[in-house]
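Q: I am in my first year and would like a close look at one part of this protein. Could you take me slowly through the sheet and what packs around it?

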Amino acid sequence: MKTNFIKLTEPTQTLVEVFNRWDNDPVLIPLTRPNQNKAALEHRETMTLDDVKQRLVHHHTYLIYLDDQLVGEMNYMVDPNHLYKKEAGTAWIGITIGEPEARGKGIGFHAIQFLEEEIKKDGFNRVELGVFEFNTQAQKLYEKLGYKEIGRIENFTYWADKMWFDIRMEKYL
């Protein structure tokens, strides 16, 4: 099993189709985006090639490959408005393992380590992220990688007929 990470610089229509499949996957939606109610959870959107190109203006995006098959993506942006702790020079990270067969294999662990190295190379030393309260598998991963909880935002996302916290975590590199 060989894992590979490639910076996304020139998105293609084929890649946009993959991103749209992941972004509209009912298994992934509760894990990857906040939803204020059942209607938001059931809402679907379609990105265009231009949308992805525009996203690259603010997101440093890396594709995750397993044995030469695209299985996920990860990204970071610097100093977004939604930081819990407003500390200049902070990278906000996100990761999606989009293909079901790639989940639970430790790919996320290696992917986050790679992303942290890229963040350090770019001159940033603090990382912040949000993880939904019910996503205990991701919480364990981040704790194993040295992330510490710094706060919780109540009633942040809807899933399984109730509202959940967003747990904010940080790590200094």
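A: Please keep in mind from the start that this is a predicted model. Let us begin with the sheet itself and then move outwards.

Seven strands make up an open sheet, and reading across it their order is β1-β2-β3-β4-β5-β7-β6, with mixed pairing. At the edges stand β1, residues 3–7, and β6, residues 148–159, and each has a single partner strand, so one side of each is left without a neighbour in the sheet. If direction is ignored, neighbouring strands of this sheet are turned by 25 degrees against each other on average.

Now look at the end of the order where β5, β7 and β6 follow one another. β5 and β7 pair in the antiparallel sense, over seven bridges, and one of the places to find this pairing is F132, whose bridge partner in β7 is D166. On to the edge strand: β6 and β7 also run antiparallel, joined by eight bridges, and here G151 stands opposite R168 in β7. These two strands, β6 and β7, form a hairpin with two residues between them, and in the turn A160 has a positive phi of about 50 degrees.

This region also holds aromatic rings that are worth tracing with care. Ring pairs link F132, F134, F156, W159 and W164 into a cluster. One of these rings has a charged neighbour, since K162 lies over the face of W164, at 4.2 Å from the ring centre. In a similar way, R152 lies over the face of F165, at 5.7 Å from the ring centre.

Next come the helices that lie against the sheet. α5 packs on the sheet and touches β1, β2, β3, β4, β5 and β7, while its direction makes about 150 degrees with that of β4. Within helix α5 you will find E118, which counts as buried because its relative accessible area is 15%, and buried means under 20%. Leaving aside residues up to four places away in sequence, E118 touches Y62 and Y76.

The other helix to examine is α1, which lies across β2 and β3 and runs at about 85 degrees to β3. Both F19 and W22 lie in α1, residues 13–23, where they are three residues apart, about one turn of the helix. Their ring centres are 6.0 Å apart and their planes are at 35 degrees, so the pair is tilted. F19 counts as buried because its relative accessibility is 3%, and W22 counts as buried at 3% relative accessibility as well.

Finally, consider how the nonpolar residues gather. In soluble globular proteins, nonpolar side chains tend to be buried together. Here the largest nonpolar core has 26 residues, and those with the most contacts inside it are I64, I93, Y142 and Y147. The elements that give two or more residues to this core are β2 (60–66), β3 (69–78), β4 (90–97), α5 (107–121), β5 (126–132), α6 (136–144) and β7 (162–172). Among these, α5 gives the most, with five residues, and this is the helix that packs on the sheet. Apart from this core lies another one, of twelve residues, among them V18, W22, L28 and M47. W22 therefore appears twice in our tour, since it is buried at 3% relative accessibility and is also one of the residues of that other core.

Terms used: Residues numbered from 1 in each chain as written. Predicted model: local features only at pLDDT ≥ 70, side-chain atom pairs only at ≥ 80, totals over all residues. Heavy atoms only, no water. Phe/Tyr/Trp six-rings, centres within 6.5 Å; stacked < 30°, edge-to-face > 60°. Helix = DSSP H or I, 4+ residues; strand = E, 2+ residues; numbered from the N terminus. Buried < 20%, exposed > 50% of the residue type's maximum accessible area, 1.4 Å probe, protein only. Lys NZ or Arg CZ within 6 Å of the ring centre and 35° of its normal. Core = buried A, V, L, I, M, F, W, Y, C linked by side-chain atoms within 4.5 Å. Pairing = 2+ DSSP bridges. Axes fitted to C-alpha atoms, helices over the stretch in contact; angles between N-to-C directions. Contact = heavy atoms within 4.5 Å.
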